[in-house]
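Please examine the sequence and the model below before reading on. The paragraphs that follow proceed from single residues to the interior of the protein.

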Amino acid sequence: MNIVILSRNENLYSTSRLVEEGEKRGHMIEVIDPLKCDLIIEKEKPSIYYQDRYLDYVDAIIPRIGASVTFFGCAVVRQFEMMNVFTTVTSDAIIRSRDKLRSFQRLSKARIGMPKTVFTNYSRDVEEVISHVGGTPVIIKLLEGTQGLGVVLAETKNAAESVLEAFNGLQARALVQEYIAEAKGADLRALVVDGHVVGAMKRQGKEGEFRSNLHRGGSAEIVKLNEDELRVAMNASRALKLPVCGVDMLQSARGPLLLEVNSTPGLEGIESATGRNIAKAIITFIERNRK
């Protein structure tokens, strides 16, 4: 097959591993920068022009769309969809997953456990907002943030008020979320491919850090998920229609609580921690579904 990886940097670990595994299985793999694509829209003949050629030979794509280029990146994915090209993740699913509020609403409807969350329209009544999630400390998250950026732990009402006022002043919309103390700065990341968990790790934030992101100095180790954790990961994947995704959860006294679903999860941390060949699982998922 001719498989295109939509990525702005062919040297990134995730991109290079997908190239490596795809070529091992005999496919033609090409890395294309989505921002350099021209979308040609005409009656019954959508097409994409890249550098010196039309991309009319592509069988499948793997979107690796960064959050900062969501709008145009998803337009490129959508154009491939209009051309009947198979994609591991659809444009609509990427857009849904990037909007934390929209995601939480869908996940709540699907009866998936999560930390209690409040969203208001620039409310100045901080005390009332905090009371809705059980009091301080609270987590305050920007609606669009990645790798732990835009996530703040407010330990007191005054701190929460200051953070919310700052976000409000910037007209940056934020969620206020219950703090799960028993998680102790750790979370679980499950990698789902085609409805199955193909690898899972436990990430632990460095000392004094409540965020467990590896980009922020956290560590990771392989973990075996229990039945409830597996169920949350697979149900979240189905609820957001993301056959390939990373599902982040907290371990709490009331069971696993979903934190976030990532539509373009990095492969380096989880492959290193688990020893699992996640890139190969994604390529074989394309093979099964393209046929």
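Gln177 has a relative accessibility of 2% and therefore counts as buried, since the cut-off for that class is under 20%. The model in which this value was computed is a predicted one. Gln177 belongs to strand E11, which covers residues 174–178. Setting aside residues up to four places away in sequence, Gln177 touches Phe104, Pro115, Lys116, Thr117, Val133, Val138, Ile139, Lys141 and Leu259.

Two of these partners, Val133 and Val138, lead to a nonpolar core of 14 residues, whose members also include Ile140 and Ala154. This core lies apart from the largest one, which has 64 residues. Within the largest core, the residues with the most contacts are Leu6, Phe80, Leu107, Val247 and Val261. Helix H9 (residues 278–290) supplies its largest share, seven residues. Phe80 illustrates the packing: beyond residues up to four places away in sequence, Phe80 touches Leu6, Ile48, Leu55, Val58, Ile61 and Val85. In soluble globular proteins, nonpolar side chains tend to be buried together.

Is Leu267, in the loop between E16 and helix H8 (268–274), buried or exposed? Its relative accessibility is 1%, so Leu267 counts as buried. Outside its neighbours within four places in sequence, Leu267 is in contact with Tyr13, Ser14, Leu18, Ile278, Ala279 and Ile282. From Leu267 to Lys116, the C-alpha to C-alpha distance is 29 Å, and 151 residues separate the two in sequence.

Leu18 and Ile282 also appear around an internal space. The structure holds three cavities of 30 Å³ or more, and the second largest has a volume of about 60 Å³. Besides Leu18 and Ile282, the lining of this second largest cavity consists of Ile62, Pro63, Arg64, Thr88, Val89, Val244, Ser263, Thr264, Pro265.

Helix H7 spans residues 227–239, 13 residues in total. From its first C-alpha to its last, H7 reaches 18 Å, close to the 18 Å expected at 1.5 Å a residue. At its N-terminal end, Asn226 acts as a cap, with a side-chain oxygen 3.1 Å from the backbone nitrogen of Asp228. After the helix comes Lys241, whose phi is positive, near 55°. The buried residues of H7 are Glu229, Val232, Ala233, Ala236, Ser237 and Ala239. These buried residues pack against helix H4 (100–109) and against strands E12 (186–193), E13 (196–204), E15 (244–252) and E16 (255–262).

Terms used: Residues numbered from 1 in each chain as written. Predicted model: local features only at pLDDT ≥ 70, side-chain atom pairs only at ≥ 80, totals over all residues. Heavy atoms only, no water. Core = buried A, V, L, I, M, F, W, Y, C linked by side-chain atoms within 4.5 Å. Buried < 20%, exposed > 50% of the residue type's maximum accessible area, 1.4 Å probe, protein only. Helix = DSSP H or I, 4+ residues; strand = E, 2+ residues; numbered from the N terminus. Contact = heavy atoms within 4.5 Å. Expected span 1.5 Å × (residues − 1). Polar contact = N/O pair within 3.5 Å; in protein donor to acceptor, adjacent residues only side chain to side chain. 1 Å grid on protein atoms, 1.4 Å probe; cavity = no way out; pocket = protein on both sides within 12 Å on 5 of 7 lines; lining within 4 Å. Points joined across faces, edges and corners; volume = space filled by probe spheres on them.
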